[in-house]
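Work through these exercises with the structure open beside you. Try each task before reading its solution.

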Amino acid sequence: MLVGLDFGEPDYAESLAEAEQLAVSAGVRGLKVVKGRREKPDPALFAGKGKVVEIAEAVAVTRAPLTIFNHQLSPVQERNLEQRLQCRVVDRTSLILDIFAQRARSHEGKVQVELAQLEHLQTRLVRGWTHLERQKGGIGLRGPGETQLETDRRLIGKRVKLLKGKLQRLQAQRAVQRRARDRACVFGVSLVGYTNAGKSTLFNRLTHAQAYAADKLFATLDTTTRRIHTQTGAAIVVSDTVGFIRHLPHSLVAAFRATLEETAHADLLLHVVDGSSPDRDVQIAAVNQVLAEIGADRIPQVLVYNKIDLTQLEPRVERDEYGKIARVWISAQSGAGLDLARLALEEHATDALRRTETKNSAAA
């Protein structure tokens, strides 16, 4: 059961359609979508009492074992809804976290996802987390008079501390790698964009890599980096990163800071946009919001309007007032306009290399 309430937001329809895609990406088969309008969320149930009765009846008829709210629920609202609906209830944040847990492949990605999940669960009543106690032996761990809930919270707190320590070490390793690239005068490019905009397909085209690419939300979680060779001889390293989404949970942004730091330290961002989406302007704004949150909003961008094969547009570039390529129209799937994307990379890399040489000469 998918529930989406309209509180007057301009992107309500697009957000609800996106929630349906998220559910499919998580491996869930939707039985029914329940819609409604409200001025503001109910403090206890999020939806009004009458709407909750409607959802409960639909759950009973369809025997849905899960209800997904396309909103962020408080712990109290989640608990109250589960009691009324007699089924498991998850919000948009939990749904995204579940997809991330399914997709993480690298050690770093798994650590980041687990940290985000645990920090999200710390705010909830901890049900079903006694397996952590069993893994660690159980007997002797519980203090005198300590409840099961307190035990679970303490064990989660210890695990969070351990994971944060691991991420700090991984961040230090990435910092060493970045310093090595800086010394070698390597131009760093990060592919950023809304989820399913075609970043991984473009990455594979540019670098001749075999990164996983699929027509689904959050197909890529783990950062992949490859060097590309240019006709000008400029050394360019391109990184494929996790896609963004509107209302991206802050816990995920915080947990994935180690990965997103690659973006924050890039010399250029290729901001890949689904040029065929009528919602592209909202998606661009959502990506820029996350970039600002991680301190990457001042890095030069080239907007890459992808999927022109679906819009009947021709490949082209648009330059800014300084003569630099600012926008490119391509199709990563068909390969149309890829030479223009490479040209944008080469021009920006050559300019950066020239500025570095000038600076070094002045310093000498």
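**Exercise 1.** Along strand S2 (residues 33-37), which side chains point to one face, which point to the other, and which are buried?

*Solution.* The model is predicted.
Step 1. Recall the general pattern: in a regular strand, side chains alternate between the two faces of the sheet.
Step 2. Sort the residues. Val34 and Gly36 share one face. Val33, Lys35 and Arg37 point to the other.
Step 3. Apply the cut-off: buried means under 20% relative accessible area. Val34 and Gly36 are buried, while Val33, Lys35 and Arg37 are not.

**Exercise 2.** Find how strand S1 (residues 2-6) is joined to S2, and trace the chain between them.

*Solution.* Step 1. Count the bridges: five join S1 to S2. The two strands run parallel.
Step 2. Locate partners. Val3 has Val34 of S2 as its bridge partner. Leu5 stands opposite Gly36 in S2. Val34 and Gly36 are the buried residues of S2 from Exercise 1.
Step 3. Follow the chain. From S1 it passes through helix H1 (residues 12-25) to reach S2. This β-α-β crossover is right-handed.

**Exercise 3.** Place S1 and S2 in their sheet, and say which strands stand at the edges.

*Solution.* Step 1. Write the order: S2-S1-S3-S4. These four strands form an open sheet with parallel pairing.
Step 2. Look at the ends. S2 and strand S4 (88-90) each have a single partner strand, so one side of each lacks a neighbour in the sheet.
Step 3. Add the twist: on average 20 degrees from one strand to the next.
Step 4. Add the helices. Helix H2 (residues 49-62) packs on the sheet and touches S1, S2 and strand S3 (66-69). Its direction makes about 170 degrees with that of S2. Helix H3 (residues 75-85) also packs on the sheet, touching S3 and S4. The direction of H3 makes about 145 degrees with that of S4.

**Exercise 4.** Describe the sheet of seven strands: its order, its pairing and its edges.

*Solution.* Step 1. The order is S6-S7-S5-S8-S9-S11-S10. The sheet is open, and its pairing is mixed.
Step 2. Strand S6 (224-228) and strand S10 (316-319) are the edge strands, each pairing on one side only.
Step 3. The twist averages 20 degrees from one strand to the next.
Step 4. Zoom in on one pair. Strand S9 (residues 301-306) and strand S11 (residues 325-329) pair in the parallel sense over three bridges. Tyr305 stands opposite Trp329 in S11.
Step 5. Helix H11 (residues 280-293) lies across strand S5 (187-193), strand S8 (268-274) and S9. H11 runs at about 150 degrees to S8.

How values were computed: Residues are numbered from 1 along each chain as its sequence is written. This is a predicted model: local features need pLDDT of at least 70, side-chain atom pairs count only at pLDDT 80 or more; totals for chains, interfaces and linings use all residues. Side-chain values use heavy atoms; hydrogens and water are left out. Buried means under 20% relative accessible area, exposed over 50%, partly exposed in between (1.4 Å probe, protein chains only). Two strands pair if DSSP finds at least two bridges between them. A crossover is right-handed if, with the strands pointing away from the viewer, the path from the first strand over the helix to the second runs clockwise. Axes are lines fitted to C-alpha atoms, for helices over the stretch in contact, and angles run from 0 to 180 degrees between N-to-C directions. Contact means heavy atoms within 4.5 Å.
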